[in-house]
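Trainee: Could you take me through the nonpolar core of this protein in detail? I would love one connected account that also places the core in its surroundings.

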Amino acid sequence: MKRFLFTLCLVLSAGQASAYFTWGMGSQTCKLYVSAKAEYDHARDQRTHLAHLNWIKGFVTGINWSHDSDIARDLSIETVDSWIDAYCRQNLGDSIGKASEAMVTDLERQGRENRQ
């Protein structure tokens with residue numbers, strides 16, 4: 001039942017404002033993600049960016065659990081970081097959670113296309 005409700009929330013939120021509450025780093029803006037990544041890339045503050053990446057990994061893990069799948073099986077954390085960074089640079093006002101949701105949607109679409 002929990003999986004059904006979680007999946008239902010994801011389906012209902014597709015293409016509209018997220019229908020679920022986001023805790024922690026996922027509620028921060030993409031602008032903060034881009035800034036923290038720049039700090040990380042210049043070997044200054046690494047903690048914030050690593051915390052963002054850990055939140056994203058947890059989000060993807062939750063999706064995997066709810067779908068009984070592994071949508072990011074073949075992805076490195078560097079690829080995930082690049083995808084989220086590109087999205088965030090285009091959508092600075094979005095949350096890291098919304099960026100993660102967009103990445104998952106893209107991965108699921110790619111998976112469907114690869115199965116056809």
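**A close look at the core**

Mentor: Happy to, and let's start from the outside. In this predicted model, the accessible surface of the protein comes to about 7,400 Å², with 56% of that belonging to carbon and sulfur atoms. Buried residues make up 31% of the 116 residues. The fold has five helices and zero strands, so to speak a plain α-α-α-α-α run from the N terminus on.

Now to the core itself. The largest nonpolar core has 19 residues, and those with the most contacts inside it are Tyr33, Ile56, Val60, Ile84, Cys88, Ala99 and Met103. At least two residues of this core come from each of helix H2 (30–41), helix H3 (47–67), helix H4 (77–90) and helix H5 (96–115). H3 supplies the largest share, six residues. As a general background, nonpolar side chains in soluble globular proteins tend to be buried together.

Tyr33 is a good residue to zoom in on. Beyond its neighbours within four places in sequence, Tyr33 is in contact with His49, His52, Leu53, Ile56, Asp81, Ile84, Asp85, Cys88 and Ile96. Across the protein, 68% of the contacts with a separation of 6 or more are between residues 24 or more positions apart.

For the surroundings, turn to the largest pocket, which has a volume of about 310 Å³. Its lining has 14 residues, and Asp70, Ile71, Ala72, Leu107 and Gly111 lie nearest the pocket's centre. By class, that lining has four nonpolar, four polar and six charged residues.

Definitions and conventions. Residues numbered from 1 in each chain as written. Predicted model: local features only at pLDDT ≥ 70, side-chain atom pairs only at ≥ 80, totals over all residues. Heavy atoms only, no water. 1 Å grid on protein atoms, 1.4 Å probe; cavity = no way out; pocket = protein on both sides within 12 Å on 5 of 7 lines; lining within 4 Å. Points joined across faces, edges and corners; volume = space filled by probe spheres on them. Nonpolar A, V, L, I, M, F, W, Y, C, P; charged D, E, K, R; others polar. Helix = DSSP H or I, 4+ residues; strand = E, 2+ residues; numbered from the N terminus. Buried < 20%, exposed > 50% of the residue type's maximum accessible area, 1.4 Å probe, protein only. Contact = heavy atoms within 4.5 Å. Areas by Shrake-Rupley, 256 points an atom, 1.4 Å probe, with all protein chains shown as cover. Core = buried A, V, L, I, M, F, W, Y, C linked by side-chain atoms within 4.5 Å.
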